[in-house]
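User: Hey, I've got a protein open on my screen and I'm a bit lost. Could you walk me through it?

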Amino acid sequence: MEMEEKTTITNIKKAGPDGESKQAFFIIISGNPVGSMFKIDSDEMLIGRSADTDICINDKEVSRRHAKVIKEPDGNLIIVDLKSTNGTYYKGKRIDKHLLKDGDKIQIAFTTIMKFSYQDSIEIKFQKGLFESASKDKLTKIYNRAFFSERFPQEFSYATRHNMPLSLVLFDIDHFKKVNDTYGHQAGDQVLSKIADVVSKIIRKENIFARYGGEEFVILLRNTNEEKALIFANNIKKAIEEHAFRFSDTVIPVTISAGIATYREGNFRKDAEMFRIADQYLYMAKSHGRNRVECILTNNC
């Protein structure tokens, strides 16, 4: 256990040179999700692999509840290891408890390194920009494939542990190549961007919406069973079908096909298996005429 001489901090904040209040953060500088920031704004915050922790780290070497950050009565912050399997480290030494100072780098298990830092508004904006560039698709401004691939196993693990339903909607644009060939790639890009806008207005904040690749999109629906997922996917399909996609005063007709897979009561053992089933239903939707949603509940399944 390593403890060092304390420097008093008031309310987890610090004043910058211009008097602006600074807020305490952990910034992931190595590991997943690299570049992301976690504001230390509670008296106690959990760190671990579990999806219900305050600082969730997608690394199999990290324990589900690995460590926690505690604010002491005098305002100082300490990090405490929760008897994790692979340990918490400072300067290469395994620690049980450590007083956090501005600039400290804390290693969680083997590959994840978090920098403890006080950030003002300009620094926060810069760090958020780095995270956006790493996790968001540049064209559509929604999450990218890398972010989804990181979060899906976490959400699946959370659903299995808590025996909660989790639905995955996988959809792509019907005959998208024809859109590009007929109207040009700029028109195709505009269609992709506008679809992201249309869907983003329908989904809830806790849902994860990402561009998986090309004209393919994915949506994760927490605590959502097959019936609700089917209603949701059909609402998405209808909203896109009815939207007027315009490019250079030309309306481009756009429809989608979608497949749904839902975790419930141990029916899937792995997230990859769940994704494969959603993909099969998507293929089924295409083979049955497109502009439709297929899942275990539909008549053609």
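Analyst: Sure, and one term will help before we look at strands: two strands pair if DSSP finds at least two bridges between them. With that in hand, strand 6 (residues 67-71) and strand 7 (residues 77-81) are joined by five bridges and run antiparallel. Keep in mind that this is a predicted model.

User: OK, so which residue in strand 7 is the bridge partner of Val-69?

Analyst: That's Ile-79. Another pair you can look for is Ala-67 with Asp-81 of strand 7.

User: And how many residues sit between strand 6 and strand 7?

Analyst: Five, and the two strands form a hairpin. Look for Gly-75 in the turn, which has a positive phi of about 95°.

User: What about strand 4, how is it joined to strand 6?

Analyst: Strand 4 (residues 44-48) runs antiparallel to strand 6, with four bridges joining them. Val-69 turns up again here, as the bridge partner of Met-45.

User: What's the strand order in the open sheet of five strands?

Analyst: The order is 5-4-6-7-10, and the pairing is mixed. Strand 5 (55-56) and strand 10 (97-99) are at the edges. Each has a single partner strand, so one of its sides has no neighbour in the sheet.

User: Zooming out for a sec, how many helices and strands does the protein have?

Analyst: There are six helices and 19 strands. The protein has 301 residues, and 49% of them count as buried. If you take the contacts with a separation of 6 or more, 57% are between residues 24 or more positions apart.

User: Back to strands. How many residues of strand 15 are buried?

Analyst: Six of its seven residues (the strand covers residues 216-222), so strand 15 is largely enclosed by the rest of the structure. Strand 13 (residues 166-173) pairs with strand 15 in the antiparallel sense, over seven bridges. In that pairing, Val-169 stands opposite Ile-219.

User: And what does strand 14 do with strand 15?

Analyst: Strand 14 (residues 208-213) also pairs with strand 15 in the antiparallel sense, over five bridges. The bridge partner of Arg-211 in strand 15 is Phe-217. Strands 14 and 15 form a hairpin with two residues between them, and Gly-214 in the turn has a positive phi of about 55°.

User: New topic: helices. At what angle do helix 3 and helix 4 cross?

Analyst: Roughly 135°, with the axes of helix 3 (residues 176-183) and helix 4 (residues 185-200) coming within 6 Å. Angles over 145 degrees count as roughly antiparallel and 65 to 115 as roughly perpendicular, and this pair is therefore oblique.

User: Which residues make that contact?

Analyst: On helix 3, look at Phe-176, Val-179, Asn-180 and Tyr-183. On helix 4, pick out His-185, Ala-187, Gly-188, Val-191 and Leu-192. By class, the contact has six nonpolar, three polar and no charged residues.

User: I clicked on Ser-257. Is it buried or exposed?

Analyst: Ser-257 is at 0% relative accessibility, and buried means under 20%, so Ser-257 counts as buried. You'll find Ser-257 in strand 18 (residues 256-263).

User: Which side chain does Ser-257 have a polar contact with?

Analyst: The side chain of Asp-174, at 2.6 Å. Leaving out residues up to four places away in sequence, Ser-257 touches several others too, including Leu-170, Phe-171, Leu-282 and Arg-290.

User: Last thing. Which loop is Lys-83 in, and what's its phi?

Analyst: Lys-83 is in the loop between strand 7 and strand 8 (88-90). Its phi is near 55°, a positive value in a residue other than glycine. Lys-83 is exposed, because its relative accessible area is 82%.

User: And Glu-265, where is that found?

Analyst: Glu-265 is in the loop between strand 18 and helix 6 (271-287). Glu-265 is not a glycine, yet its phi is positive, about 50°. With a relative accessible area of 72%, Glu-265 is exposed.

Conventions: Residues numbered from 1 in each chain as written. Predicted model: local features only at pLDDT ≥ 70, side-chain atom pairs only at ≥ 80, totals over all residues. Heavy atoms only, no water. Buried < 20%, exposed > 50% of the residue type's maximum accessible area, 1.4 Å probe, protein only. Polar contact = N/O pair within 3.5 Å; in protein donor to acceptor, adjacent residues only side chain to side chain. Contact = heavy atoms within 4.5 Å. Axes fitted to C-alpha atoms, helices over the stretch in contact; angles between N-to-C directions. Parallel < 35°, antiparallel > 145°, perpendicular 65-115°, else oblique. Nonpolar A, V, L, I, M, F, W, Y, C, P; charged D, E, K, R; others polar.
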